[in-house]
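The following note sets out several points on the architecture of this entry, for consideration alongside the sequence and the coordinates. The points proceed from the sheet and its covering helix to the helix pairs.

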Amino acid sequence: ATVVRKLLDAGAVLLGKTNLDQFATGLVGTRSPHGAPACTFANERVSGGSSSGSAVVVSRGDAAFALGTDTAGSGRVPAGFNNIVGLKPTPGRVSTAGVLPACRSLDCVSVFALTVEDAATVLAVIEGDDAADDYSRFVAGPADWSRPLRLGIPREVMVDASIGYDAAWREACRRAAELGATLAALDFNALHDVTRLLYDGPRVSERYAVVQSLIESQPGALDSTVAQVIGRGRGFSAVDAFRAQYALRRAQQATAAIWHDVDALMVPTAPRHPRFDEVAADPIGANAVLGTYTNFVNLLGWSALAMPSGLTARGLPFGVTFIAPAAADAALARWGQRWQRACALPLGATQRAYEAGAAALWPRSEPT
């Protein structure tokens with residue numbers, strides 16, 4: 001992969017490959033023939049996926065950073081469940097050449113790290129146009145937001161009060177206000193409508209295109225849930241695909257108006273944190289809930305940064321994700337830096353204290 005070559009050329013040391021949901025199809029981290037990593041804070045709860053192993057090794061301090069992929073939230077949900085940073089670039093900012101695709105038109109290479117500074121440094125190394133990637137499109141955006149940040153939050157937030165996510169969300173809102181952000185409650189229904197376009201329509205056929213030869217010749221090679229999800233892609237026609245494309249384009253135009261009123265969105269990274277037995281009892285339903293605040297982002301071409309926000313009374317990590325327009329990656333990282341300093345949480349599951357510092361490199365931005 002182009003990203004791996006760039007990192008090795010810059011002096012990175014490759015430690016190994018990590019586990020993930022098979023074909024990056026899942027947000028739980030349990031759909032793997034190689035076992036299911038657990039949350040680094042609670043062995044009975046999932047690590048999140050699809051980039052499960054990448055998040056776990058960073059949270060444990062086994063690696064300074066790890067790469068993941070993100071199509072529907074795979075680079076953000078595991079970050080939230082393991083108290084680490086998950087940086088999801090604008091689609092096209094980082095090459096996906098050499099990466100096994102999930103949905104080629106949506107896939108992003110993401111970065112897991114213990115600090116925003118480390119994540120930003122890695123992004124600075126791997127970003128840029130690549131002729132080997134048909135979807136490569138690097139655009140430098142703003143370095144920061146000059147005025148006090150205007151943050152949009154869900155008018156009706158969906159979080160699991162039984163594990164303390166409701167109190168953690170209120171604390172996140174309070175902290176954002178203390179940092180000088182103005183909070184505006186927004187109607188997220190249009191964004192949730194976009195979410196449904198990812199798995200409830202012909203978009204899933206793009207996943208089927210990747211594994212068609214395998215699923216038809218060796219159906220037993222696929223995890224049963226993965227096969228069920230991807231197999232639905234056989235049932236859609238070209239007419240269905242065009243209608244879905246028109247619906248997405250209409251949604252992209254409509255939701256772009258959000259950025260007239262706010263600079264970024266703040267959402268819970270995930271509404272809840274399921275146990276392994278809950279996922280086993282309802283593998284598709286439990287997974288679908290985790291994409292509530294992640295699935296729409298790549299469909300709309302936006303950037304995102306998942307950040308640790310606190311620990312609940314039960315000791316579970318709670319994370320928030322900041323979402324911004326395309327090309328706002330550098331500005332998001334600057335805000336994330338201020339957020340992490342204000343939270344002052346231990347790094348991942350290492351118990352090491354966060355020490356603010358300067359990044360060795362920073363993602364490129366447009367002149368100001």
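1. In this predicted model, helix H5 lies across five strands, namely E6, E7, E8, E9 (303-311) and E10 (317-324). Its direction relative to E10 is about 50 degrees.

2. H5 (residues 165-178) also takes part in a local motif: together with E6 and E7 it makes a right-handed β-α-β unit. The two strands of this unit, E6 (residues 150-154) and E7 (residues 182-186), run parallel and are joined by 5 bridges.

3. E6 is paired with E8 (residues 264-268) as well, again in parallel, through 2 bridges. Gly152 illustrates both pairings: its bridge partner in E7 is Ala184, while in E8 Gly152 stands opposite Leu265.

4. These pairings belong to an open sheet of 8 strands, with the order E3-E5-E4-E9-E10-E8-E6-E7 and mixed pairing. Strand E3 (65-70) and E7 stand at the edges; each has a single partner strand, so one side of each lacks a neighbour in the sheet. From one strand to the next, the twist averages 25 degrees.

5. Turning to the helix pairs, which residues in H6 meet H9? On H6 (residues 189-199) they are Ala190, Leu191, Val194 and Leu197, and they meet Ala247, Leu248, Ala251 and Thr255 in H9. The residues of this contact divide into 7 nonpolar, 1 polar and no charged.

6. The geometry of that pair may be stated as follows. The axes of H6 and H9 (residues 238-255) come within 10 Å and cross at roughly 155 degrees. Because angles over 145 degrees count as roughly antiparallel, H6 is roughly antiparallel to H9. The crossing of H6 past H9 is left-handed.

7. A second helix pair consists of H7 (residues 204-217) and H8 (residues 224-231), whose axes come within 8 Å and cross at roughly 120 degrees. H7 is therefore oblique to H8.

8. On the H7 side, the contact involves Val204, Arg207, Tyr208, Val211 and Ile215; on the H8 side, it involves Ala227, Val229, Ile230 and Gly231. The residues of the contact between H7 and H8 divide into 7 nonpolar, 1 polar and 1 charged.

Definitions and conventions:
Residues numbered from 1 in each chain as written. Predicted model: local features only at pLDDT ≥ 70, side-chain atom pairs only at ≥ 80, totals over all residues. Heavy atoms only, no water. Pairing = 2+ DSSP bridges. Helix = DSSP H or I, 4+ residues; strand = E, 2+ residues; numbered from the N terminus. Right-handed = clockwise from strand over helix to strand, strands pointing away. Axes fitted to C-alpha atoms, helices over the stretch in contact; angles between N-to-C directions. Contact = heavy atoms within 4.5 Å. Parallel < 35°, antiparallel > 145°, perpendicular 65-115°, else oblique. Left-handed = near helix turned anticlockwise from the far one by under 90°. Nonpolar A, V, L, I, M, F, W, Y, C, P; charged D, E, K, R; others polar.
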